[in-house]
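Here's a quick Q&A walk through one protein model. Have a look at the structure first, then read on.

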Amino acid sequence: MKKQIGLIGLGKMGGGLALNLHDHGWDVVAFNRTTETTDEYAKQGITPSYSVQELVSALEGPRVVWVMLTAGEPTQNMLFGETGLINYLQEGDIVIEGGNSLYKQDAENAEKLKAKGIRYIDAGVSGGPDGARNGACIMVGGEKEMFDYTEEIFKDLSIENGYKFFEGYGAGHFVKMVHNGIEYGMMQAIAEGFNLMGKSPYKLNLIEVADIYQHGSVIESRLVGWTKEGFEKYGIELKDIKGEVDANGEGLWTAQAAKEMGQPAAIIQGSVDFRDQSHGNPSYTGQILSMIRNMFGKHKV
């Protein structure tokens, strides 16, 4: 395929993907609702467009358009709203839906688009803004034929061996959703453990604890690494970090999927419950969670 792609949404993740693709020789035609953001990326080599129609018109067929918006209504409106892609794309064009959307929505999206001859791929992107910019981990779902056609996109965006295809509409988003549920549980355990050590009688330097964990221990991980960096950045007391923890929905979706499938997910459910209960009940454990989320995902603290 020719190295040209449309990208809708220049937020923390979409902006990084646009520049990453540009670095790999792609002509990236981008649209963002905030025109000032579009203008800023134009200065960095991204081809600007100021409407969905303009973006589609700037692409040669068969077009490939990556949608990187907030899951739910923003994404659905971009696909099917009055000025959505379905009104401008043509038979043979391809939509890649790369947001953190609920996997159940993908089959319906694919059917609606297929009625007009438009093909659909779902892609779950992990690695945070830094991964989007410099090399992500991508879980791709849909039809193998479409994956094969667009594989170069995923290869260029990912770290080495950092992308895989899973057959079926929603499979990519499902694997990414469960990834986020696992992430919830791992972060909860880290936060509870460091809270316990912070309240212990040993006056432990938590930066030093995180550091030793990162040198050959069984729990050595990127999350522990971000914990260390967060303590170094914000201080062990985390005075400027809120103790109420936000959620992005995917941990809850994972717990709900486990219930629907009759499978246990007590740790993931517990981590979801903690975040819900943290509102109005801030704690040091919550501060640690908020800090880690900020370090890898640039979430507000």
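A note before the questions: a residue counts as buried when its relative accessible area is under 20%. Keep in mind that this is a predicted model.

Q: Which residues of helix H9 (residues 206-213) are buried?
A: Go by the under 20% cut-off for relative accessible area. In H9, the buried residues are Leu206, Ile207, Val209 and Ala210.

Q: Why do the buried residues of H9 line one face of the helix?
A: Look down the axis of H9 and check where its buried residues point. They line one face because they fall within an arc of 160°.

Q: What covers the buried residues of H9?
A: Helices do part of the job here. The cover includes helix H8 (171-198), helix H10 (222-234) and helix H13 (284-297).

Q: Which residue caps the N-terminal end of H9?
A: Look for a side-chain oxygen 2.9 Å from the backbone nitrogen of Ile207. The residue that supplies this oxygen is Asn205.

Q: What is the order of the eight strands in the open sheet?
A: The pairing in this sheet is mixed. S3 and strand S8 (158-167) each pair on one side only, which puts them at the edges. Reading across, the order is S3-S2-S1-S4-S5-S6-S7-S8.

Q: How many bridges join strand S1 (residues 4-8) to S2?
A: The two strands run parallel, and Ile5 stands opposite Val28 in S2. S1, helix H1 (residues 12-23) and S2 also make a right-handed β-α-β unit. The number of bridges between S1 and S2 is five.

Q: Through which helix does the chain cross from S2 to S3?
A: S2 and strand S3 (residues 47-49) run parallel, with three bridges joining them. Val29 stands opposite Thr47 in S3. The β-α-β crossover between these strands is right-handed, and the helix it passes through is H2 (residues 35-42).

Q: Why is strand S2 (residues 27-31) largely enclosed by the rest of the structure?
A: Count the residues of S2 that are buried, out of its five. S2 is largely enclosed because the number buried is four.

Q: What is the bridge partner of Gly142 in S8?
A: Strand S7 (residues 136-142) runs parallel to S8, and six bridges join the two. The partner of Gly142 in S8 is Glu167.

Q: What angle does the direction of helix H7 (residues 144-157) make with that of S8?
A: H7 packs on the sheet, and the strands it touches include S1, S7 and S8. Its direction and that of S8 make an angle of about 160°.

Technical notes. Residues numbered from 1 in each chain as written. Predicted model: local features only at pLDDT ≥ 70, side-chain atom pairs only at ≥ 80, totals over all residues. Heavy atoms only, no water. Buried < 20%, exposed > 50% of the residue type's maximum accessible area, 1.4 Å probe, protein only. Pairing = 2+ DSSP bridges. Right-handed = clockwise from strand over helix to strand, strands pointing away. Arc of directions from axis to C-beta. Contact = heavy atoms within 4.5 Å. Polar contact = N/O pair within 3.5 Å; in protein donor to acceptor, adjacent residues only side chain to side chain. Axes fitted to C-alpha atoms, helices over the stretch in contact; angles between N-to-C directions.
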